[in-house]
Structures are given as structure tokens and as C-alpha cells.
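Q: Please take a close look at a single chain of this model, and then set it beside its partner. I would like the cut-offs spelled out as you go.

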Amino acid sequence: MNIIETYHLTKEYADFTAVADLNMHIRKGSVYGFLGPNGAGKSTTMKMFLGLTKPTKGRFTINSNTFPRDRMKILREVGSFIEAPAFYGNLTGEENLEIIRKILGLPKSSVSDALELVGLTQYRKRLARKYSLGMKQRLGLASALIGRPPILFLDEPTNGLDPVGIHEIRTLIRSLPKKYDCTVLVSSHLLPEVELMADDIGILNHGRLLFEGNLQELRQMADFEGYPSDNLEDTFLAMVEEDNRKRGAGK
Amino acid sequence: MTSALEWNKLKRTGFFPAFLAGGLLAAAAPVVNIGARPESFVNKQDSPAVILMGANWQLMSMLLSFLLIIGACIMYHTEFADNAMQRMDTLPKRPESLFFGKCSVLLVLTAGALVLGGAALWFCGWKWFSADRIFTTEIWKSMGFSFAMFLPLLLCMTAVSSICKNMWISLGIGTICLFMTSILQNGGGILSYLPFMMPMKVYPNLNGAQAVRCLIISCGETAGFGLLEIIYFKIRRNFT
């Protein structure tokens, strides 16, 4: 069963199409890796899901809720981390989460629970503006995970983390569906990272979805289309390059 | 709950010390002014309330207006500085409630600053004019009236701050508009009802009908700015 579906979702700015005719299907309880080079439209898609930007055309459903009618309902069920950590620099990590907890009407224990999940417990009293980049990233993740929402949108969540941090967060994301019956949409421009986390992947380039399916299906498609299939990074690069070449020819 | 959250968000921003210092400064103005040259005021024929308000309210209202402008700028700066606003937009909370929550905090602090100012004026009346109960009533009525006159400015500046991501732009707009009042204050007519001019109104100098007109205009402007802000949020939601 798909928990998130998009139908011809399109976002156009004055002279630029960020997302074009996107038809995505995200299974309930899966980790969906959203892959694409910088500027492919990953963040824009996530922003549309959260109502931060309005689709130009098309529509989407999240857990049977439609936008814009059920926006508040959608936001209640979604934890998100978009682009860069967003926080109140004048407040401590704990106070930042406390504000989100109060808005979401969660129990008090959810703050310590979220801090524990991302390994920030010992820094909870430190001002968020004094956090390192990695700690800010973790705080952003904690604010997405607080209350263990059934759906998570994580936009490049491992940016700025050291290798140990990347491994920890990756393991955490991987474990979320089993532990909390959670569906995760995680974006990245690094295929090896997505490969280690995701059940399904969607490859986006210049706003168009080039591929959607699991890794096995990606390999089969690569073999069929004549792309290198031994190394998935090469597959991804070949697909994107081919798409760019076709676009260039089209123009 | 929204107001309580807004209070929490303002920790360590300098907002509360700024209001306390600004309120005390405004309150000190009449004490210093009258204390330094009492003979210029005590021999006048008008009532103590008219003398004291006439001699001090312009400076006091300027200081309080500037305080309000700074307060509104600080409040939204905390939202924009580290992108917290985006996080707020992804939570099931309407930006309108955030806006009115911030307005309610400013309302309380403006009332507090006016109480300090009123107390200072009352002290001057007691010390240099041997003022009676009528004076006391007149001063607190004036402060109540001035509170209503500050409402359009409060809503206007909070709205400007919510639109400008860069605090310096909203602060600049507020400061320029405030300086404009010193140019416009001698002119009457419609300009005297602009949001930045309203706090300059001196209650003891107005007759009943004028005071009621000011109150009605203030309520209208306040509701108008509130409505404009709601429309702005709707437009922003649909055109981003």
C-alpha cells in the first residue's frame, strides 16, 4: 500500500521548471531514497509535500490526505528536516525541542527521547547557536523525529556529519520503519548512501523522475538500457548524463 | 498557549531588558524635565495633568514608539535569524497565530511601559503640584487612552517585521516613519491619524468627541492591520 502518491506533480517558476510531471509512489513502512544531483528538484518536491511551496500543476496524497485541504492534518503526521537545520539560536537544544513538543501537544518525555535518539543528550543545555554543524544537523533530526511521526521527510540528513555520525544516522534511519512503523523519504545526491539505507529509490534529474523501483529493478533496468550495472554510482551517473545529453539534443 | 510559547522564544534576546530599560527611560523623562526646572511648570494656570502631559508626552511617546519598533523587530528576528520560521511553517500551526501571539506579548509589555510612565507622571504631580485624586484619575485615563493609541503602531510594526526577513529593513522603516512624525506633528487633518502619529495624541488636550473619534480610528486601524496581515499570509501561502 502506498502512503504517499503524486500525480503529475509540477512546480514551475517564471522561466524554470523545478519539478516536472512527477508520479511518485512511496510504500508504507519503507525507506524511499530520493536521489538526484544538486538542483534536481528533491527539496522542492519535499517543500510541496509540506505546503512550503504550492504545486503549479498536479496533486499528491499523503496517508490519504490531500493538499491543500488537509494541510494541517498532513503536518501533524509528518516530521521533517528540510535543506538546513532550522532552530532558535538563542535557545538551548532542549528548549528548541520543547517548543516543538508544545505545538505538537506531545508528552514531556518526547524531548529527552528525541535527544537520546540523535545522541545530543549531553549537549541539551548548550545554546543551539553554539552547536557545531554536525550537532545542528542532529538537532534538526531530533526536531523531525520528536513524537515519532508516522512519516518522515529528511532532506540530505547526513550533510556536515563526520563518518561516525553518518554511520549512526544512517543506521537510525534504516531502523525507523521496523522500530516505529515509520515511512521515510530521504533525499541525497550520494548513491552509495542511499544504497545502504533505502528499500526503494527514485532518481530525479532536472525535475523529471528517471527511475523508480528497488535496487534490483535498477540493476535490471541498467542492464536493459546498456548502462554500467556493477557499480550503482556508475549507473546513476550514466543515467543522469544520458538524460542531460537528450535534453541538450532536445534544445 | 501561543503567547506562552512566544514568551519562551524571547529568552536571551535582550528583548525584556530592552523593554525594561526603555520603559524606565521614558518614565525618567518627566521626572528629570520637571525636576530640573520646576518653576517653568508649577506657576502655569492649566490643570496639572494638562501641564505634565503637554510638557512630557511628546518625548515619552517617541521613546515608547521606538521601543515598540525595536521590540517588534527583535521578535521576528529570532524567527528569521536561524531559519526557525521555516520549521514553524512545517508544524501544524498557522502563521496568523504566531503573529497574534507576538502582538499579545508586545501588548503586555507596552501596557507595562505605560504603567511605568503613568507612575512617573503621577509622582511628578504629587511632588510638584500637590495633585489630588482627580489628577490621579486623569493620568491613568490618559495612559489607558494612550494604550489604545499605540495599538495601530504595534500591529503595523509587527506586520512589517513579519514581512522583512532582514531586521535592519524593518527597523529602518520603523525609524524613518517615526522621524516623519516630528515633521508631520504640527499638521492636522488626516495625517495626524497615521499609526505613527496616533501615540502622540495628548488625552487631556482633547475634548470628548475628539477622544472618541481617536479611539474609533485606532480600533479601525488596528483591525485593518490585523486583516491585512491575514491577507498577506494567504497570498504568501498561494504564491510561493
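**Chain A, its charges, fold and partner**

A: Chain A carries 33 positive and 31 negative side chains, and the centres of these two sets are 9 Å apart; Lys and Arg count as positive and Asp and Glu as negative, with His and the chain ends not counted, and each charge is placed at NZ of Lys, CZ of Arg, CG of Asp or CD of Glu. This is a predicted model, in which local features need pLDDT of at least 70 and side-chain atom pairs count only at pLDDT 80 or more, whereas totals for chains, interfaces and linings use all residues, and side-chain values use heavy atoms, without hydrogens or water. Residues are numbered from 1 along each chain as its sequence is written, and chains are lettered from A and ligands numbered from 1 in the order in which they are written.

The fold of chain A consists of 9 helices and 11 strands (DSSP runs numbered from the N terminus, H or I over at least four residues for helices and E over at least two for strands). Its C-alpha trace spans about 55 × 40 × 35 Å along the principal axes. The radius of gyration of chain A is 18 Å, which agrees with the value near 18 Å expected of a compact globule of 251 residues (taken over C-alpha atoms, the rule being 2.2 Å times the number of residues to the power 0.38).

Of the 251 residues in chain A, 55% are buried, that is, under 20% relative accessible area with a 1.4 Å probe and protein chains only. Where contacts in chain A link residues at least 6 apart in sequence, 66% of them join residues at least 24 apart, a contact meaning heavy atoms within 4.5 Å. The accessible surface of chain A is about 11,000 Å², with 49% of it on carbon and sulfur atoms (Shrake-Rupley method, 1.4 Å probe).

As for the partner, 31 residues of chain A are in contact with 25 residues of chain B. Together the two chains bury about 2,600 Å², 57% of it on carbon and sulfur atoms; this is the accessible area (1.4 Å probe) that both lose on being put together, summed over the two. On the chain B side, R12(B), R87(B) and P92(B) lose the most area to chain A, together 26% of what that side buries. Chain B itself has 9 helices and 0 strands, and its 18 positive and 11 negative side chains have centres 5 Å apart. Of the accessible surface of chain B, about 10,800 Å², 69% belongs to carbon and sulfur atoms.

Technical notes: Buried < 20%, exposed > 50% of the residue type's maximum accessible area, 1.4 Å probe, protein only.
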